[in-house]
Protein chains: 2
Amino acid sequence: MPTSENDSPPVYREIAEDVRAAIASGRLADGDRVPGENDLMKQYGVARATARQALSVLINEGIVVAIRGSGVYVRTFRPLRRHGPRRLSRELWGAGRAIWQADSPEGGFETDSVAVDEIAAPAYVARALGLADEAPVVRRHRRYRLDERPMQLATSYLPAKLAAGTAIADHETGPGGIYARLAEQGHAPAHFTEEIRVRMPTPEELRALRLSAGTPVLDVLRTALTAAHAAVEFNEMTLDGSAYVLQYDFDA
Amino acid sequence: MPTSENDSPPVYREIAEDVRAAIASGRLADGDRVPGENDLMKQYGVARATARQALSVLINEGIVVAIRGSGVYVRTFRPLRRHGPRRLSRELWGAGRAIWQADSPEGGFETDSVAVDEIAAPAYVARALGLADEAPVVRRHRRYRLDERPMQLATSYLPAKLAAGTAIADHETGPGGIYARLAEQGHAPAHFTEEIRVRMPTPEELRALRLSAGTPVLDVLRTALTAAHAAVEFNEMTLDGSAYVLQYDFDA
């Protein structure tokens, strides 16, 4: 039984390290049940608080997930591959497919919490779209779910002069979505810029994306530009960081 | 003073929410000192443990940072922009510049902890490089620092038949780095694929990158391919998630 000495790490850290090593070596595999508080108390001869602290270290590192009323399990990471360039290829939305369908060829993606309104552009949105501050923009918010699991929150902003009164401001934007509607008006997106940041979720995002502890989110900010380099959409996306691998291909 | 009732959130969560709102509204700006345990105890009339719990919620969310012996501060996010396609442009390494110099035009980047050896390729490396399992590869590990701050860990793998006995296997790879050396041998990288994942750091990464609590890391896996689509390098990078914005530009 490990003991805590002045120059050694606290016992709960040693226990956490043992479990971590078991996961790294494959002795505990994806989805396997991790020894619970009672198991650790018996195995290491420690108090419940120590066993709990060891598990909470691993939960906060995101390598195990606590499932209420069931136990603690090794996190299974089977992410969706989100292929930046390919999913935004004109071949897809030009053919009437929704962009996010490209992320899950087997289907299963749905949107909910759709909300559309017209607002005065906040400064950072106006800058991204090359508009005057407080110029009117159509804002579309929605959440994406895959087989009921929330995956992503997204808020698009489009200049009201392009989007107001069109299907872009409707709840259902029709086949091919926003980009197909922009193309019909002669404003087809031709270039995209995506910026990626990573951070811990806010309490609201934790709820809306049903994230477990130790799960960061990816912020993806996309600007869509026409062939003449006019910005036609700015999209703020927040992705469940445990649900995605982002892929980008480019040339030297 | 807020009180804890059965149907209201615990007091420490309400205190955390107040501080979060102060940061969101700009009343507390980047780098500002956040009220400490003593301040919160006085202001809310709570015990030290409650004040500490409120601060630890915010620290784990990564929106504030505890500086030992000083206090707790609003996290300052002034990330480096890492422009995927531009930094890997042949114009840069072809002209003898190191790739990572593109991330900080003012300079200040240095590498340390350089370690080079030859190993049998692990299965996932062999797959990425299109080699037989356990084929010999040259492995280059290094850490990147910017003005002394650790920013990134990186481990490159190259087929030994290309890299062994060349400057690629030396501590100093010379002007333009690995890619310039590959080009001299007729194996210039022409295409790149980058895969991005996000997760919480391991204890080793926490130390090596000197991360504060609530800071996720970005894993960037890059494969470099020649014009003939032969894989010539596989690079596993781990970035301090609070230090970078990744940017990718592409066409529809």
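This is a short conversation about reading the contact between two chains and the sheets in a predicted model.

Visitor: What should I know before I start reading?

Guide: This is a predicted model, in which local features need pLDDT of at least 70, side-chain atom pairs count only at pLDDT 80 or more, and totals for chains, interfaces and linings use all residues. Residues are numbered from 1 along each chain as its sequence is written, chains are lettered from A and ligands numbered from 1 in the order in which they are written, and side-chain values use heavy atoms, with hydrogens and water left out.

Visitor: How many residues does each chain bring to the contact?

Guide: Contact means heavy atoms within 4.5 Å. Here chain A and chain B each bring 38 residues. Buried area is the accessible area (1.4 Å probe) that two parts lose on being put together, summed over both. For chain B and chain A that area is about 3,200 Å², with 62% of it from carbon and sulfur atoms.

Visitor: How many salt bridges cross the interface of chain B and chain A?

Guide: A salt bridge is a side-chain nitrogen of Lys or Arg within 4 Å of a carboxyl oxygen of Asp or Glu. The rule finds two across this interface. One of them joins Glu195(A) to Arg81(B), whose closest N and O atoms are 2.8 Å apart.

Visitor: And how many residue pairs are in polar contact there?

Guide: A polar contact is a pair of N or O atoms within 3.5 Å; within protein, one must be able to donate a hydrogen and the other to accept it, and residues adjacent in sequence count only if both atoms are side-chain atoms. Across the interface of chain B and chain A there are 14 such residue pairs, both residues being at pLDDT 80 or more.

Visitor: Which element of chain B gives the most to the side that touches chain A?

Guide: Helices (H or I, at least four residues) and strands (E, at least two) are DSSP runs, numbered from the N terminus. Elements giving two or more residues to that side of chain B include helix H3 (48-61), strand E8 (189-199) and strand E11 (244-251). E8(B) gives the most, with eleven residues. By class, that side of chain B has 20 nonpolar, eight polar and ten charged residues. Here Ala, Val, Leu, Ile, Met, Phe, Trp, Tyr, Cys and Pro count as nonpolar, Asp, Glu, Lys and Arg as charged, and the others, Gly among them, as polar.

Visitor: In which sense do E8 of chain A and E11(B) pair?

Guide: Strands of a sheet pair through backbone hydrogen bonds, either parallel or antiparallel. Two strands pair if DSSP finds at least two bridges between them. Strand E8 (residues 189-199) of chain A and E11(B) are antiparallel, over six bridges. Within this pairing, Thr193(A) has Asp249(B) as its bridge partner.

Visitor: In what order do the three strands of the open sheet in chain A stand?

Guide: The order is E1-E3-E2, with antiparallel pairing. Strands E1 (33-34) and E2 (64-67) of chain A are the edges, each pairing on one side only. E2(A) is joined by four bridges to E3 (residues 71-74) of chain A, with Val65(A) opposite Tyr73(A). Helix H3 (residues 48-60) of chain A packs on this sheet, touching E1, E2 and E3, and its direction makes about 115° with that of E2(A). Axes are lines fitted to C-alpha atoms, for helices over the stretch in contact, and angles run from 0 to 180 degrees between N-to-C directions. In the hairpin of E2(A) and E3(A), three residues lie between the strands, and Gly69(A) takes a positive phi near 75°.

Visitor: What does Arg139(A) form with Asp117(A)?

Guide: They form a salt bridge, with the closest N and O atoms 2.8 Å apart. Arg139(A) lies in strand E6 (residues 136-146) and Asp117(A) in strand E5 (residues 109-120) of chain A, so the pair ties together parts 22 residues apart in sequence.
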